[in-house]
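Trainee: Got a minute to walk me through this one? I'd like to start with the strands.
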Amino acid sequence: MKEKMEDEACVIIVGCGPSGLSAAACLNQLSIPYIILEREDCYASLFKKYAYDRLHLHLAKQYCELPHLPFPASYPTFVPKDQFIQHLDHYVSHFNITPLYQRSVQLANYDEDTKKWIVKAMNIVSDEIEEYRARFLILATGEASTPFIPEIEGLTTFTGEVIHSTRYKNGKPYGNMNVLVVGSGNSGMEIALDLANHGAKTSIVVRSSVHILSRQIVYLGFVMLNYFPYGMVDSFMVFLSKLVYGDQSKYGIGRPKEGPFFLKNAYGKYPIIDVGTFKKIKSGEIKVLPAIENIRGNEVVFENGESHPFDSIVFCTGFKRSTNKWLKGDDYLLDEDGITKVSYPNHWKGKNGLFCVGLSRRGLNLAGIDAQSVADEIKSLLSLKSTP
């Protein structure tokens, strides 16, 4: 394995999803030079390579825009994946963003002597370790980094297909098959709907209570937050949810005691934005099951004592972040799970020129605001340094 020294830059951005692209665009607007390192072979790989076909952005487009380049007026309110990718392609071209692909960061450390960040990255193509140095380091590695499948007793004995949601595209291959979806976030709920629409005999594991809201209710909630306190908006959201969806517990789904916006901001737990799944749960086309106890061959045993055979299991169980494995010397900005632990509104700002974008579990809109805040702060620090 060879080591190779690269040129110094003013800023190093790690990660080239929407957050990294936002940071690059904001730096570009302020004429601040940077390099951007990406471990995949493309930008926005979660959308380009690892998203299911029917995915739309869950929030209205005005809440999902990247900085300095809004969506075209012709785009629908809820932007489908393919159009979002087209917009990102235009974004990259417009701001002349040129990532260094297939660079997997192995180590990032702050050098007290030179007051610079030293980043060592594996060039996956050449098998070389490349070293980069910069005064500022921006972590834009994303909340959806490394697919996570929980350890379940007997999972290795399962005789059918086991995949993570990042490998699921559509329900066409699963017609008439018994499929279990594990995980009841927005991806799990929508994949269960897609499977049912394609004729799969679909079940979904719902372990914890969730708020179920329609797109229209969520949109109304965002508008109301401009005028009313969180508690009042949350109470109204729960009232509307009960009005539209009735008693969720009749179908095996509890409703949390805390409100949906409180849970989103405090714990990063998003409400379910229903696009048709609940109707199929009510009709029995999608069966709700409790947590898995263990697996025996093709039989899955659940905590309520029931067992059912399945042909496939789709794990919609989220992601883990590996930043803490290679970022050294930071005990201030990120927690062990790679999420910022600094309180809002300074959640993006670390020490020694370390920043993060899009690691606060608050969605694309706030990631764009983070990116602009970071770029403005770097510009300010550079101006201070150049002042006699």
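Mentor: Sure. Keep in mind that this is a predicted model. A good place to begin is strand E8 (residues 161-164), which runs parallel to E17 and is joined to E17 by four bridges.

Trainee: Okay, and which residue in E17 is the bridge partner of Ile163?

Mentor: That's Val314.

Trainee: What about strand E9, how does that one pair with E17?

Mentor: Strand E9 (residues 178-182) pairs with E17 in the parallel sense, over four bridges. If you want a spot to look at, find Val179, which stands opposite Ser312 in E17.

Trainee: Which way do the side chains of E17 point?

Mentor: Strand E17 covers residues 312-315. Ser312 and Val314 point one way, while Ile313 and Phe315 point the other way. In a regular strand, side chains alternate between the two faces of the sheet.

Trainee: And are those four buried or exposed?

Mentor: Ser312, Ile313, Val314 and Phe315 are all buried.

Trainee: New topic. What's the strand order in the open sheet of three strands?

Mentor: The order is E14-E15-E16, and the pairing is antiparallel.

Trainee: Which strands stand at the edges there?

Mentor: Strand E14 (292-296) and strand E16 (307-309). Each has a single partner strand, so one side of each is left without a neighbour in the sheet. From one strand to the next, the twist averages 20°.

Trainee: How many bridges are there between E14 and E15?

Mentor: Four, in the antiparallel sense, with strand E15 spanning residues 299-302. Look for Arg296 as well: that residue stands opposite Glu299 in E15.

Trainee: Let's leave the strands. Where is Ser19 found?

Mentor: Ser19 is in helix H1, which covers residues 18-29.

Trainee: Why does Ser19 count as buried?

Mentor: Because its relative accessible area is 11%, and buried means under 20%.

Trainee: What does Ser19 touch, then?

Mentor: Leaving out residues up to four places away in sequence, Ser19 touches Ala140, Val357, Gly358 and Ala367.

Trainee: Last thing, pockets. What's the volume of the second largest one?

Mentor: About 210 Å³. This second largest pocket is lined by 16 residues, and the closest to its centre are Asn265, Ala266, Ile339, Thr340 and Ser360.

Trainee: What classes of residue make up that lining?

Mentor: The lining of the second largest pocket has five nonpolar, six polar and five charged residues.

Terms used. Residues numbered from 1 in each chain as written. Predicted model: local features only at pLDDT ≥ 70, side-chain atom pairs only at ≥ 80, totals over all residues. Heavy atoms only, no water. 1 Å grid on protein atoms, 1.4 Å probe; cavity = no way out; pocket = protein on both sides within 12 Å on 5 of 7 lines; lining within 4 Å. Points joined across faces, edges and corners; volume = space filled by probe spheres on them. Nonpolar A, V, L, I, M, F, W, Y, C, P; charged D, E, K, R; others polar. Helix = DSSP H or I, 4+ residues; strand = E, 2+ residues; numbered from the N terminus. Buried < 20%, exposed > 50% of the residue type's maximum accessible area, 1.4 Å probe, protein only. Contact = heavy atoms within 4.5 Å. Pairing = 2+ DSSP bridges. Axes fitted to C-alpha atoms, helices over the stretch in contact; angles between N-to-C directions.
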